[in-house]
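Q: I'm new to this structure and don't know where to begin. Please pick one part, look at it closely, and tell me how it relates to the rest.

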Amino acid sequence: FNRGWLYPLKSNVNRVAPYSTLNEVLTAGAAAMAAADGLPFAFLDTLRPSHLRPWQSHFIDQPQLGGEVSALAGYL
């Protein structure tokens, strides 16, 4: 997650786009591991926004996340 409750980040800045490559790599890796181990695919993609479930719903509290600091600095 590149947002959290540590700093009030501007909502009009698109911080999702740089994560697309990372998302592709993680999804492919999770699928390969599931196939190799014979396990169900259990990867939860939280890098792309979902209109069905907002990212905030993955937390029962309001944690301070490390991604906020890198988002302010302009890094992944």
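**The segment before α1**

A: Let's start with asparagine 2, which counts as buried because its relative accessibility is just 14%, and the cut-off for buried is under 20%. Keep in mind as we go that this is a predicted model. Asparagine 2 sits in the segment before α1, and that's the part we'll follow. To get a sense of distance, compare its position with leucine 22: the two are 20 residues apart along the chain, and their C-alpha atoms are separated by 13 Å.

Next stop is tryptophan 5. The structure holds one aromatic pair, and its members are tryptophan 5 and phenylalanine 59, with 6.0 Å from centre to centre and 85° between the planes. Those two numbers are the ones to look at, because a pair of aromatic rings is described by the distance of the centres and the angle of the planes. Here the arrangement is edge-to-face, since the angle of 85° is over the 60 degrees needed for that label. What does the pair link? It connects distant parts of the chain, with tryptophan 5 in the segment before α1 and phenylalanine 59 in the loop between α1 and α2, 54 residues apart. Both rings belong to partly exposed residues: tryptophan 5 is put in that class because its relative accessibility is 27%, and phenylalanine 59 because its value is 21%.

Move along to leucine 6, also in the segment before α1. Leucine 6 is partly exposed, so described because its relative accessible area is 31%. Together with Tyr7, Val69 and Leu72, Leu6 forms a nonpolar patch on the surface, and the four have about 350 Å² of accessible area between them. One of these partners, leucine 72, belongs to helix α2, which runs over residues 67-73. Leucine 72 is exposed, because its relative accessibility is 52% and the line for exposed is drawn at over 50%. For a contrast, look from leucine 6 to aspartate 37: they are 31 residues apart along the chain, with 38 Å between their C-alpha atoms.

Then there's proline 8, again in the segment before α1. Proline 8 is exposed, because its relative accessible area comes to 81%. In sequence, proline 8 and glutamate 68 are 60 residues apart, yet in space they are 9.1 Å apart, C-alpha to C-alpha.

What comes after this segment? That would be α1, residues 20-37. The helix has 18 residues and reaches 26 Å from its first C-alpha to its last, close to the 26 Å expected at 1.5 Å a residue. Asn23, Ala30 and Ala34 are its buried residues to look for. They sit on the same side of α1, because they cover an arc of only 35° around the axis. The face turned away from that buried side carries the exposed residues Thr21, Glu24, Val25, Ala35 and Ala36. Just past the helix comes glycine 38, with a positive phi near 70°.

Technical notes
Residues numbered from 1 in each chain as written. Predicted model: local features only at pLDDT ≥ 70, side-chain atom pairs only at ≥ 80, totals over all residues. Heavy atoms only, no water. Patch = residues over 30% accessible without salt bridge, like charges linked within 9 Å, V, L, I, M, F, W, Y side chains within 5 Å. Areas by Shrake-Rupley, 256 points an atom, 1.4 Å probe, with all protein chains shown as cover. Salt bridge = Lys/Arg side-chain N within 4 Å of Asp/Glu carboxyl O. Helix = DSSP H or I, 4+ residues; strand = E, 2+ residues; numbered from the N terminus. Buried < 20%, exposed > 50% of the residue type's maximum accessible area, 1.4 Å probe, protein only. Phe/Tyr/Trp six-rings, centres within 6.5 Å; stacked < 30°, edge-to-face > 60°. Expected span 1.5 Å × (residues − 1). Arc of directions from axis to C-beta.
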